[in-house]
Amino acid sequence: MDTKAIKHTLKAYSLRQTECREEILAIFLNKAHALAHADVETQMSEKFDRVTVYRTLKTFLDKGLIHKVLDDEGSIKYALCKDNCHQDDHHHHHDHVHFKCSSCGLTTCLDHVVIPAVVLPEGYKRVETNLLVQGVCKDCNAKQLG
Ligand SMILES: [Zn+2]
Ligand SMILES: [Zn+2]
Ligand SMILES: [Zn+2]
């Protein structure tokens, strides 16, 4: 991933360019799976403190550059938003399924697998729906077969 693309993305989301933002974005762009706060931190150069990393993740979330992934055991991870996150101007959609692999431990966005509509009882208002499917991912499955 070249720095030009990173700068372009930050600009597209009207984010001021900082070294920390560029570095965190690069980490997400280089990984195909969701990352926990600690995963981001361990991949960064030493010079950024915890609070700065935390704030940057929060900013990315607010701007719709990344979204939250509710992992198993209640842990929270973050994944890069794709174009299909933004279906209309007023609402940011994340109605895709997440998959947690028990073999490699990675959680990935299944961008094209849409969470089926859930009909709620009267009086309940949906804000968002999270669906985590657990099992063995494509890569691990291939390894086991080969
Ligand atoms: Zn999104
Ligand atoms: Zn796996
Ligand atoms: Zn996702």
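At 80% relative accessibility, Glu73 counts as exposed, where exposed means over 50% relative accessible area, buried under 20% and partly exposed in between (1.4 Å probe, protein chains only). Glu73 sits in the loop between S2 and S3, and its phi is near 55°, a positive value in a residue other than glycine. Ser14, in the loop between H1 and H2, has a phi near 45°, likewise positive in a residue other than glycine. With a relative accessible area of 58%, Ser14 is exposed. Most residues other than glycine have a negative phi.

The model is predicted: local features need pLDDT of at least 70, side-chain atom pairs count only at pLDDT 80 or more, and totals for chains, interfaces and linings use all residues. Residues are numbered from 1 along each chain as its sequence is written, chains are lettered from A and ligands numbered from 1 in the order in which they are written, and side-chain values use heavy atoms, with hydrogens and water left out.

The protein contains five helices and six strands, taken as DSSP runs numbered from the N terminus (helices H or I, at least four residues; strands E, at least two). From the N terminus on, the order of elements is α-α-β-α-α-β-β-β-β-β-α. Along the principal axes, the C-alpha atoms fill a box of roughly 45 × 45 × 25 Å. Of the 146 residues in the protein, 34% are buried. Among contacts (heavy atoms within 4.5 Å) with a separation of 6 or more, 49% are between residues 24 or more positions apart.

Helix H2 (residues 19-30) has twelve residues and should span 16 Å at 1.5 Å a residue, which agrees with the 17 Å between its end C-alpha atoms; the expected span is 1.5 Å times one less than the number of residues. Buried residues of H2 are Cys20, Arg21, Glu22, Ile24, Leu25, Ala26, Ile27 and Phe28. Their cover includes helices H1 (3-12), H3 (37-43) and H4 (50-63), together with strands S1 (35-36), S2 (66-70) and S3 (76-80).

The zinc ion (ligand 3) has as protein donors His67 (NE2), His96 (NE2), His98 (NE2) and Cys109 (SG), at 2.0 to 2.2 Å. Donors are N, O and S atoms within 2.8 Å of the metal (3.2 Å for Na, K and Ca); water is not among the atoms, so sites may look incomplete. The angles among the four donor atoms are 101 to 115°, and the site is tetrahedral, a class that requires all angles of four donors to lie between 85 and 135 degrees. His67 belongs to strand S2 and Cys109 to strand S5 (residues 107-114), so this pair ties together parts 42 residues apart in sequence. His67 counts as buried, at 2% relative accessibility, and Cys109 is also buried. The C-alpha atoms of His67 and Leu10, 57 residues apart along the chain, are separated by 16 Å.

For the zinc ion (ligand 2), the protein donors are Cys101 (SG), Cys104 (SG), Cys137 (SG) and Cys140 (SG), 2.3 Å from the ion. Their spacing along the chain is C-x2-C-x32-C-x2-C. The four donor atoms subtend angles of 103 to 119°, which makes the arrangement tetrahedral. Cys137 and Cys140 are both buried.

Technical notes. Tetrahedral: all angles 85-135°; square planar, octahedral: opposite > 155°, others 65-115°.
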